[in-house]
Amino acid sequence: MVPPLFALEGVSVSRRGTNVLCDVDLTIVDAGITVLVGASGAGKSTLLRCLNRLECPDAGTIRFRDDPLDDLDPLDHRRRVAMVFQGPTPFPGTVVDNLRAVTPDLTDDDACRALHQVGLDPTLLERSADALSGGEAQRLVLARALTTGPEVLLADEATSSLDATATHRMEELARSLADDGMPVLWVTHDLAQAQRLADQLVVTRAGAVTWSGPAADPGAEGAVRNALRDGAPW
Amino acid sequence: MVGWGALGASLLFVLVAVALTGREHLGLGRPILVALVRSLVQMAVVGLALVPIVDPDTPLVWSWLWVVGIVGFASVTVARRAPEVPGLLWVATGAMALVAATGVGTIYGLGIFPLEGRTLVPVAGMVIGNSMKAAVVGATRVAEALADQRAEVEAGLALGMTPRMASRRVVRSALRTAISPQIEQTAGLGVVFLPGAMTGLILAGASPADAVRTQLALMYVILAGVVIAATATGLGTLARLTTPAQTILPLDRR
């Protein structure tokens, strides 16, 4: 039997006395795109950060393919489980400097391939990363994350600062990666985006997981409506 | 000599500074007034206490104890400026002790000054005092930079960088901020600044050539001390803010 990608048991996180995640039990399948959907402040990003070990739960255990996260080297784990954030975070320097940030021996050919993979023109290699548009910068950040050869991609509201065209490109990339065998966990509070992307759905509300399962499941609609009261119909 | 009336007159200029900070809402009026009162009280006490300490007949151990006191006071000052950094007192104590050991060791080990109470206390005070200022800036700027630039640092951490590597750029910038003023002061020596030790020696009747050599020797040791203190405290601050899971403790932005 294939172990789940992530298995969470009783995971809780609190900040300054406020519960951000409360006793979360969750299993995430090791394939396709799993969308974590919920209103702002529902604990989606914190959950994702725990999976990358940028944050440690106050209680509970998280397993990555059956291995407890606490037993894994955090730096090695983060290279296996890449993460991109809400706003583009290019480092100062050129595009190729960014691509070589953690893989300094990356050749020019590899760098061009990395850009091509995310739909960026290889002629951008020597351009200042600060001169890129928001959509280009976010795709550069994704290309940079992929240079470590990750097994999983975590995307935390990765398109919330992008226009419709750039958002569409990022979604296509996520689908392409998932179809090529890299599981993607995608956080969003955008119902339409969740509909477009999700193979599996995890619904969060007030720090708890209220529903999880295949996006095509009849129960998904009611769960998402409850979590996003003001959202469009599923 | 400056009398009490003249000393009071010098405070008038500080009132202008207080008014300026108030106009710009910098929130520094009270700290300036506290600093004035503290400096007055401390200098009065120190002036009285130094008389027996620097007396040639007093055993040198009392001067050494005074230096230990300076190190302790400087360390507490650094730690209090960045209370959000856990364990900073130990970092600051280590940095100040290192500066004291290397700075004083250089000055007396190489025979730049004779090892006497009347030289040990003021020389150590100048070296550690300047280093303390740099250490305060080093610790506070590193903590502030890690709070302000958290997105950049976490982007690096998420790629599997070590906290040291992920924060390298912001820490370097913070350390440059801490060290640069002393470099500027050294570069401007004699042109822009006529520093205290030289001025004091000349006022006391020493030849300008002696005063210049004395001042230069001190400035060189102070410059090295500042670099050591800022670097050790800044990197120590980063280490204290690094968790066992290789993340950076969350800090509130100031």
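## The sheet of chain A

Six strands of chain A line up as an open sheet, in the order β6-β7-β8-β3-β9-β10, with mixed pairing. The two edges are β6 (81–84) and β10 (208–214) of chain A; each has a single partner strand, so one side of each is left without a neighbour in the sheet. From one strand to the next, the twist averages 15°. The model described here is predicted.

Strands of a sheet pair through backbone hydrogen bonds, and the sense is either parallel or antiparallel. This sheet shows mixed pairing, and its two edges serve as examples.

## Two edge pairings

At one edge, β6(A) pairs with strand β7 (residues 152–156) of chain A. The sense is parallel, and the pair has 4 bridges. Within this pair, Val84(A) stands opposite Ala155(A) of β7(A).

At the other edge, β10(A) pairs with strand β9 (residues 200–205) of chain A. Here the sense is antiparallel, over 6 bridges. Gln200(A) has Pro214(A) in β10(A) as its bridge partner. β9(A) and β10(A) form a hairpin with 2 residues between the strands. In that hairpin, Ala206(A) takes a positive phi near 50°.

## Chain A overall

Chain A contains 8 helices and 10 strands. Its radius of gyration is 18 Å, and the globule rule gives 17 Å for 234 residues. The two values are close, so chain A is as compact as a globular protein of that length. Along the principal axes, its C-alpha atoms fill a box of roughly 45 × 40 × 40 Å.

Of the 234 residues in chain A, 46% count as buried. Sequence separation gives another view of the fold. Take the contacts in chain A between residues at least 6 apart in sequence: 68% of them join residues at least 24 apart.

## Chain B overall

Chain B has 10 helices and 0 strands. Its pattern along the sequence is α-α-α-α-α-α-α-α-α-α. The C-alpha trace spans about 65 × 50 × 35 Å along the principal axes of chain B.

Of the 254 residues in chain B, 32% count as buried. Among chain B contacts between residues at least 6 apart in sequence, 73% link residues at least 24 apart.

## A helix pair in chain B

Two packed helices are described by the angle between their axes and the distance between the axes. In chain B, helix α4 (residues 88–109) and helix α5 (residues 117–148) have axes that come within 10 Å. They cross at roughly 145°. The crossing of α4(B) and α5(B) is right-handed.

On the α4(B) side, the contact residues include Leu88(B), Met96(B), Val99(B), Gly103(B) and Ile107(B). On the α5(B) side, they include Val123(B), Val127(B), Ile128(B), Ser131(B) and Met132(B). Alanines take part on both sides, among them Ala92(B) of α4(B) and Ala135(B) of α5(B). By class, the residues of this contact are 15 nonpolar, 2 polar and no charged.

## Where the chains meet

The interface pairs 14 residues of chain B with 20 residues of chain A. On the chain B side, helix α6 (residues 150–158) supplies the largest share, with 6 residues. The chain B residues that touch chain A divide into 7 nonpolar, 4 polar and 3 charged. Charged residues thus appear on this side of the interface, whereas the contact of α4(B) with α5(B) has no charged residues.

Methods. Residues are numbered from 1 along each chain as its sequence is written. Chains are lettered from A and ligands numbered from 1 in the order in which they are written. This is a predicted model: local features need pLDDT of at least 70, side-chain atom pairs count only at pLDDT 80 or more; totals for chains, interfaces and linings use all residues. Two residues are in contact if their C-beta atoms, placed from the backbone, lie within 7 Å. Ala, Val, Leu, Ile, Met, Phe, Trp, Tyr, Cys and Pro count as nonpolar, Asp, Glu, Lys and Arg as charged, and the others, Gly among them, as polar. A residue is buried if 20 or more other C-beta atoms lie within 10 Å of its own, exposed if 12 or fewer, and partly exposed in between; C-beta atoms are placed from the backbone. Two strands pair if DSSP finds at least two bridges between them. Axes are lines fitted to C-alpha atoms, for helices over the stretch in contact, and angles run from 0 to 180 degrees between N-to-C directions. A crossing is left-handed if the near helix is turned anticlockwise from the far one by less than a right angle, and right-handed if clockwise. The radius of gyration is taken over C-alpha atoms; the globule rule is 2.2 Å times the number of residues to the power 0.38.
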